Amino acid sequence: MIVKDFNLQHTIECGQFFRYKKENDFYYIQTKDKIIKIKQKNNQLISNESDEFLINFFNLNQNYQEILTILNKHNDIRELTKQFYGLRIINQDPWECMISYISSSARSIPLIKQSIDLMSKQFGEEIIFDKSTFYTFPKINSLNDLDKLKQCKLGFRVDYIIRVNSLVNNEYFKNLKELDYEKAKQELMKLPGIGPKVADCICLFSLKKFEAFPIDTWIKKYLKQTNLDYKQFYPYQGYAQEFIYYLMIASKFLYATV
DNA sequence: ATCCAGGAATTTT
DNA sequence: AAAATTCATGGA
């Protein structure tokens, strides 16, 4: 498939998405019970998945230039959209997104990935793909075994997950998608383990609420240093957040390796 | 050994 | 209403 205004690496590695691994030139992306093998060569995407699926998953039908027009109004952010050109918000599955980000609170990315993989191994189904073993993401309401959850190295988040597991279902998410951003966020925050930050992540990464602006410690640091008013990027504040976030974790990596 | 991590809930000022 | 403490683990 031919794509424009899209960069696979930036989109996958900017920190919004946990379930992937890179092998040779290919990314193996996992979502729900799917495995997507994919690589990009210039403006071409090579994958085992259908164009239709990829367009939806990477939000490729969104007008990128329209988003950039708004983000580029600010000089610093214009530098970032140039540096990370083609970064898109991934359209995740809401249930998977919810569990992933509840697991994420006060932890680093490698540990989050580890817990998600362990949950998939404990509660998902095995798939052999390209001679490697993968596990599907646990289905809604299947995370109900306390002993198994305790083996997933989730710490105190086990309690949140086992409670949320019994509080949501397909209908919950169907209704959630109908709500506007503010309402959806409020609804999400009624659930245990979901505060403002995690609710914003779920809104942005799985409900197409692009005005959501999740504020974690890194973003907070950036906002404090730069005095940036993120509301000027309405209704694409979420895109601004992701560019900034990518900058922060990328520079963190730089400092860590020097 | 000690501290803290991409937060949230609870308790204390 | 804001600030401090707690939560369970792995890693620096």
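Asn227 follows helix H12 and has a positive phi, near 60°. Helices here are DSSP runs of H or I with at least four residues, numbered from the N terminus. The model is predicted: local features need pLDDT of at least 70, side-chain atom pairs count only at pLDDT 80 or more, and totals for chains, interfaces and linings use all residues. Residues are numbered from 1 along each chain as its sequence is written, chains are lettered from A and ligands numbered from 1 in the order in which they are written, and side-chain values use heavy atoms, with hydrogens and water left out.

At the N-terminal end of H12, Asp216 acts as the cap, with a side-chain oxygen 2.8 Å from the backbone nitrogen of Trp218. This is a polar contact, that is, a pair of N or O atoms within 3.5 Å; within protein, one must be able to donate a hydrogen and the other to accept it, and residues adjacent in sequence count only if both atoms are side-chain atoms. Within H12, the residues Ile219, Tyr222 and Leu223 are buried; buried means under 20% relative accessible area, exposed over 50%, and partly exposed in between, with a 1.4 Å probe and protein chains only. They span an arc of only 100° around the axis, which places them on the same side of H12. The arc is taken over the directions from the helix axis to the C-beta atoms. An α-helix has 3.6 residues a turn, so residues three or four places apart point the same way. On the face of H12 turned away from the buried side are the exposed residues Thr217, Lys220, Lys224 and Gln225.

Helix H8 can be read in the same manner. Its buried residues are Arg157, Val158, Ile161, Val164 and Asn165. Seen down the axis of H8, they fall within an arc of 135°, so they line one face of the helix. The cover over them includes helix H5 (94-102), helix H6 (109-123) and helix H7 (146-150). Asn165 lies in H8, which runs over residues 157-167, and counts as buried because its relative accessibility is 3%. Its side chain reaches the backbone nitrogen of Ser142 at 3.3 Å. Leaving aside residues up to four places away in sequence, Asn165 touches Trp95, Ile140, Asn141, Ser142, Leu143 and Asn144, where contact means heavy atoms within 4.5 Å.

The DNA comes next. DNA strand B is surrounded by 21 residues, the closest being Ala106, Ile109, Phe156, Gly195 and Tyr245; a residue is near a strand if one of its heavy atoms lies within 4 Å of it. Of the strand B atoms that come within 4 Å of the protein, 64% are sugar and phosphate. Backbone N or O atoms lie at phosphate oxygens of strand B in two places, at 2.9 Å for Ala106 and at 2.8 Å for Gly195. Tyr245 instead places a polar side-chain atom 2.4 Å from a base nitrogen of strand B. Helix H11 (196-206), helix H12 (217-226) and helix H13 (237-257) are the elements that give two or more residues to this surface, and H11 gives the most, with three.

Around DNA strand C are Leu111, Lys153, Gly155, Phe156 and Arg157. Sugar or phosphate makes up 50% of the strand C atoms within 4 Å of the protein, and bases make up the rest. A polar backbone atom of Phe156 is 2.7 Å from a sugar or linking oxygen of strand C.
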